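Hello,

Here is the structure I promised to pass on to you. Have a look at it first, and then read my notes below.

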Amino acid sequence: MKSNKYDVVIIGAGPSGSMCARNLARNGYNVLLCEKRPVVGVPVRCGEATGPVKRLSDFMTVNENYIETRFTGVILNGPSGISIRYDANKELGVMLDRTIFDQDLANQAVREGAELQVDARVMAISTSSMAGRRVTIEQAGKSFEVEAAMVVGSDGAESLSGRWVGLKTRQLPPLTCSAIELRVKAEDPNPNHLTFWQGHDTINKGYIWVFPKVKSKVVNLGSGELVPKMGAKNMYDLSMEYKNKLYPDAEVEEVHGGCVPVSGNLEDYTADRFLLSGDAAHHTNPLTGGGIMASIVAAETAAKWIDKGFKAGDLSKNFLMQYQEECWNRFGKNHRKEARIRDFVLGLGNRDQETFYRIFKNMVGGNFSLPSRTIGFTKLGLLAAMNPKLTKKSFFS
Ligand SMILES: Cc1cc2nc3c(=O)[nH]c(=O)nc-3n(C[C@H](O)[C@H](O)[C@H](O)COP(=O)(O)OP(=O)(O)OC[C@H]3O[C@@H](n4cnc5c(N)ncnc54)[C@H](O)[C@@H]3O)c2cc1C
């Protein structure tokens, strides 16, 4: 470490940590960004799909080097062979090269003046005092202590930092989902589409995905499930079954596993001189499991409120709660709705699930002359999405 005193120590150089570090350093704060891995962005534990370049440009100058694919459609394979193809004829999102993307963001933070330390694992955070918090960091077998006026936990889905400061951040399945991903040396016949399989005859409480990385001529193929049924295939065997079916002769270059927080938002993720952002705060979209974009939005919001807190001389939990409120308004509310829709669809029995997919196919095909059973379903789905009492337990229990 270059110093033993910082304005802000940020734990984790994923998209959330690097974006927060960049914005704070840009505003003149003395920022230490600690990353436990030796190389930022390696290994990649992500399907790498995110929103369109237009949306990314709200936060950064987009670098073509990490844009792999601009996808324009989605193929959703439901139960009983119901396949729904949606062609938007415009960019719906992009596939990233997360290694280059994460490194680009960390480099932006460094260029703005943040100090990046790799192989630097944060081990503990002290209680808050007038002087700030003490952060214990291990690097190259040595232990260091630094002081920080503010600490940000952007340490991902397996975050411990919240617990160190007394927050209740531990969540078990079905509020956290496990996923396996294979990097397959293959080119998909639908290179500009994301393809999904969901439903009782494939993977009932999750989905299987194929996301093509066109530039690199590989596909990310994976599966993630909330709670696997007893006796059902594990995520690795299921992903391999699809790999063998879709690309029998292709080589599997890499296999990664990880967990994805799908609660929709933690209830409370700030403390005195401390906040969580990104996966660590369960900011991931609970319907899709996508968290890159929300982690960036949260980081931008965090940097804004930390700056305001410094200027007001107030980094108390009470003050930082305003960050939580803004996250709720920017994406939390939507995540809550999407979690309800997910719970509704996953809660359907086999026959009802098929009906739901048929309705959906009709809607995507522009056919709105729906049978009466369909109208009942739509109403139920909307009710589930709007009524907090129906699914509250599944979010915060
Ligand atoms: C299999 C899989 C597929 C996914 N697919 C997609 C997808 O297609 N699209 C999408 O949008 N999202 C996807 N996600 C989710 C996405 O990867 C995350 O939402 C995103 O990476 C969150 O960014 P983050 O900065 O919050 O956390 P991370 O990217 O996880 O970064 C956290 C960083 O903190 C570091 N760290 C942890 N603990 C410490 C410590 N004690 N000290 C120092 N450093 C530490 C870690 O090494 C890591 O670099 C997927 C996740 C998985 C597991």
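Which helices and strands each supply at least two residues of the shell around the ligand? They are helix 1 (15-26), strand 3 (49-50), strand 9 (120-125), strand 12 (176-184), strand 16 (252-261) and helix 6 (292-312). Helices (H or I, at least four residues) and strands (E, at least two) are DSSP runs, numbered from the N terminus.

Before you go further, please keep in mind that this is a predicted model, in which local features need pLDDT of at least 70, side-chain atom pairs count only at pLDDT 80 or more, and totals for chains, interfaces and linings use all residues. Residues are numbered from 1 along each chain as its sequence is written.

Now for the ligand. It is surrounded by 37 residues, where a residue counts as near if its C-beta atom, placed from the backbone, lies within 6 Å. The closest are Gly12, Gly14, Gly47, Gly278 and Gly291. Sorted by class, the shell holds 16 polar, twelve nonpolar and nine charged residues (Ala, Val, Leu, Ile, Met, Phe, Trp, Tyr, Cys and Pro count as nonpolar, Asp, Glu, Lys and Arg as charged, and the others, Gly among them, as polar). Helix 1 gives the largest share of this shell, three residues.

The domains come next. An automatic or database domain assignment sets their bounds, and the chain is divided into domain 1 (5-68 + 97-170 + 264-335), domain 2 (176-261) and domain 3 (339-396). Domain 1 and domain 2 each provide at least three residues of the shell around the ligand. The C-alpha centres of these two domains, domain 1 and domain 2, lie 28 Å apart. Their contact takes 14 residues from domain 1 and 18 residues from domain 2, with two residues in contact if their C-beta atoms, placed from the backbone, lie within 7 Å.

Finally, back to helix 1. Its axis and that of helix 3 (residues 98-111) come within 8 Å and cross at roughly 20°; axes are lines fitted to C-alpha atoms, for helices over the stretch in contact, and angles run from 0 to 180 degrees between N-to-C directions. Helix 1 and helix 3 are therefore roughly parallel to each other (angles under 35 degrees count as roughly parallel). By class, the contact of helix 1 with helix 3 has seven nonpolar, two polar and two charged residues. Helix 1 also packs with helix 6, at an angle of about 30° and with the axes 8 Å apart. That contact has eleven nonpolar, three polar and two charged residues.

Best wishes

Definitions and conventions: Parallel < 35°, antiparallel > 145°, perpendicular 65-115°, else oblique.
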